[in-house]
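Me: Could you walk me through this structure? I'll paste it here and throw questions at you as I go.
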Amino acid sequence: MKRILTGASVLALLASGAIAASTSLTLGDQLEPPHLDPTAGAAGAIDTVVYINIYEGLTEFAADGSVIPALAKSWDISEDGLTYTFHLQSGVKFHDGSDMTASDVVWSLNRARAEDSVNAQKTLFENIADVTATDDTTVVVTLSTPTGNFLFNMAWGDAVVLNEGDDVEALKTAPNGTGAFTFTNWVQGDSITMSRNEAYWGEAAKLESVTIKYISDPTAAFNAVMAGDVDAFPTFPAPENLPQFEADPRFTVIVGSTEGETILSTNNKMPPFDNPLVREALAHAIDRNAIIDGAMFGYGTPIGTHFAPHNPAYMDLTAQSNYDPELARTLLAEAGFPDGFTTTMKLPPPSYARRGGEIIAAQLREVGIETEVTNLEWGQWLEEVFKGKDFGLTIVSHTEPMDIGVYANPEYYFQYDSAAFQALMDDLNGATDPAKRTEILQAAQQMISDDYVNGYLFQLAKTGVANANIRGLWENAPTQGSNLAEAYWVD
Amino acid sequence: MKRAFKMPGFSIGFIMAFTFTAAALVSFFWTPFGTDGVDIVNKLHTPDGTNWFGTDHLGRDIFSMIMVGARTSIAVAVVAVGIGVLLGVPLGLAAAARKGSLLDEFIMRGNDLVFAFPALLIAILITAVFGPSAINAIIAIGIFNIPVFARLTRAGALSLWTRDFVLAARVSGKSRVRISFEHILPNITNLLIVQGTIQFSLGILAEAALSYIGLGAQPPIPSWGRMLADSQTMVSFAPHLALFPGLAIVLTVLGLNLMGDALRDLFDPKLRRDRQ
């Protein structure tokens, strides 16, 4: 009797498992977010979970990177480009049941741009002079100067709309947004679960629930996908394993683009890198294709400047820093280092940095530059390199979209200080005409390439793997998060 | 020494350990290929006539890397055991010479304190504070070796202090320090050699473990532990990447342990009598 019962319960489990498989999705990711408030932290892992899925902004990014309406269904822009009137969707409710009104938008934007704001991207809001609600569904934003990419700025995860008066500390572990998924549970160190928002104002999510499991070790990630513990790993950490997934009919490999410009960051204030000739020599000493092949197993697009190749304004400047060790040696001699020199290279954990570092160290040794390589964990890297600026060289992928503007900040960790570039960025902020913007962006790309600010390596590819029966996962990563409401299973 | 080679365990162990020591020494003058350059075009070759152990994910010759890696392993282990012997043995002798005194208590409780921490934890602590490097790995493993040798020396020395020849030396007016070094130490050398061999193999294992988690020798210095760590995601399609450094670690440690066991048997009077 006991055996029969056990058999029956196993059958029941199997049956429920089969049903659950078609309505729930388990994703794998490498980095767990520190908390879940996208308006109070720079970690991309926060956006991966909450952006669009739980929190929405006035505008948002579509899968192709274009900016589309979200909580604002439409907007009017005044002739002088200074006044934006946003018309909000009506009938939108936060997950706790309260109505989303214009005053929530005003509160959220004012909080983000306040003096004591904890927002990680305060520059997105710096041109806002005033935000007012004229009625429950209309918000008027007045800018201090014309800002060509204001709608783009509002699409960032850092600009999402929060419920006015919510306890922002509590939101860090229990987000309350307007998105198609509601937050369900966070098992720290293991997983985050969200469920379909049945009261969603737009088209409801196709899945009933989504779980994101955190697996930091690449080998464990490989095993989890192979064993079916996770249904998809949108950003799989070990590109060398992709051919195995490709050969397996159970999986599809999704290769797309990201906004991640992977660069050999150079400390522009530290001798000898304060000498442009040395930086130029560095650029010619590096063989990009060897790095893409060796570190990324061929996934990645070479870049010659800090700009994403899929952007229409991109210029291919790779020829300007082509691989030419002979020229690099000549330039070094010209700069006063005929016998080379020794510097430090501090590498964060991702394989593009660790393997890329070994390859670059070998390539630099060819032209006489010795590097002392130190492998750091992310915490140490942020402390020593990003905040402390105590480094000669480092390798990191800049995954924020359209982030060429960071070169205008002389305090940024690679410390590029060029008045001409800063003026160019001021022009860009004032330009609303698309043709004019493209022209300025291209001048900016050319300028940092001419100055050899950093070694430009490649655009990070988004290498994901998923169960072959899943549809609707984003192929590209135009921002750090993605819309999971579009994902569904087929039989 | 001749007697030792008659024991099969010792001979086999000696051959294994000697092979790797020889490889490490030869690597100073010659390796089939360089290990500090990369050659992406020739990555992940399986073993063949040119690359005897194949090439790794950056196109480096694995045979050459094993040779140079042996150097790293042996250097770290030798220096770490050296630290243990140089500091631990005098401490143990001093504690035994003043048995029951405050000094004895101080030294032995200090040893207990270091012993209470797992060796790898100390190593991780040190490298986390001072940054990862081969030098810090050596210091970390060396510190762990001190109490091992101090305890062994004290135990061995204590039994000798009650012997007649030591009594005779004391009566003739020799100082405790002189007795320790002239009469005690020579009589416990056997013990130290056996323990040294075992600590040496543990040192190699510890270095591999530290390098595996990224706290040992930093690139481009080849290290068996890091080679294993690098190969981890590629084991399923390029097993030779993990096989050779793994074998190198196993064979060296096994060889040293066989030698240590055989030496212990040889030096232990009780076992020697049984054999006769």
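Me: How many residues from chain A and chain B make the contact?
Reply: Chain B puts in 18 residues and chain A puts in 19 residues, where two residues are in contact if their C-beta atoms, placed from the backbone, lie within 7 Å. Keep in mind that this is a predicted model: local features need pLDDT of at least 70 and side-chain atom pairs count only at pLDDT 80 or more, while totals for chains, interfaces and linings use all residues. Residues are numbered from 1 along each chain as its sequence is written, and chains are lettered from A and ligands numbered from 1 in the order in which they are written.

Me: By class, which residues are on the side of chain B that touches chain A?
Reply: Eight nonpolar, eight polar and two charged. Ala, Val, Leu, Ile, Met, Phe, Trp, Tyr, Cys and Pro count as nonpolar, Asp, Glu, Lys and Arg as charged, and the others, Gly among them, as polar.

Me: OK, stay with chain B. How many helices and strands?
Reply: 11 helices and zero strands. Both are DSSP runs numbered from the N terminus (helices: H or I, at least four residues; strands: E, at least two). The C-alpha atoms of chain B fill a box of roughly 75 × 50 × 30 Å along the principal axes.

Me: And what percentage of chain B is buried?
Reply: 46% of its 276 residues. A residue is buried with 20 or more other C-beta atoms within 10 Å of its own, exposed with 12 or fewer, and partly exposed in between, the C-beta atoms being placed from the backbone. Also, of the contacts in chain B with a separation of 6 or more, 71% are between residues 24 or more positions apart.

Me: How do α2(B) and α10(B) cross?
Reply: Helix α2 (residues 8-26) and helix α10 (residues 240-267) of chain B have axes that come within 7 Å and cross at roughly 140°. Axes are lines fitted to C-alpha atoms, for helices over the stretch in contact, and angles run from 0 to 180 degrees between N-to-C directions. That makes α2(B) and α10(B) oblique to each other; under 35 degrees counts as roughly parallel, over 145 as roughly antiparallel, 65 to 115 as roughly perpendicular and the rest as oblique.

Me: Which residues make that contact?
Reply: On α2(B) they include Phe10(B), Phe14(B) and Phe20(B), and on α10(B) they include Leu251(B), Leu258(B) and Met259(B). The residues of this contact divide into 14 nonpolar, four polar and one charged.

Me: Switching to chain A. What's the strand order in the open four-stranded sheet?
Reply: β4-β5-β7-β6 in chain A, with antiparallel pairing; two strands pair if DSSP finds at least two bridges between them. β4 (72-77) and β6 (128-135) of chain A stand at the edges with a single partner strand each, so one side of each has no neighbour in the sheet. The twist averages 20° from one strand to the next.

Me: How many bridges between β4(A) and β5(A)?
Reply: Five, in the antiparallel sense, with β5(A) covering residues 83-88. As an example, Ser74(A) has His87(A) of β5(A) as its bridge partner.

Me: What does helix α3 of chain A lie across?
Reply: Helix α3 (residues 102-113) lies across β5, β6 and β7 (138-143) of chain A, running at about 165° to β6(A).

Me: What about β12(A), buried or exposed?
Reply: 12 of the 16 residues of β12 (residues 251-266) of chain A are buried, so the strand is largely enclosed by the rest of the structure. β12(A) runs antiparallel to β17 (residues 455-467) of chain A, joined by 11 bridges, and Ser257(A) is bridged to Ala461(A) there. Six bridges join β12(A) to β16 (residues 393-398) of chain A, again antiparallel, and Glu261(A) stands opposite His398(A) in β16(A).

Me: Any backbone oddities? Where are the cis peptide bonds, say?
Reply: One joins Pro271(A) and Pro272(A), with omega about 0°, and Pro272(A) lies in the loop between β12 and α8 (276-285) of chain A. Pro219(B) to Pro220(B) is also cis, with omega near 10°.

Me: And Tyr452(A), what's its phi?
Reply: Positive, about 45°, although Tyr452(A) is not a glycine. Tyr452(A) is in the loop between α14 (434-450) and β17 of chain A, and is buried, with 23 other C-beta atoms within 10 Å. Leu44(B) has a positive phi too, near 55°, but is partly exposed, with 17 other C-beta atoms within 10 Å.
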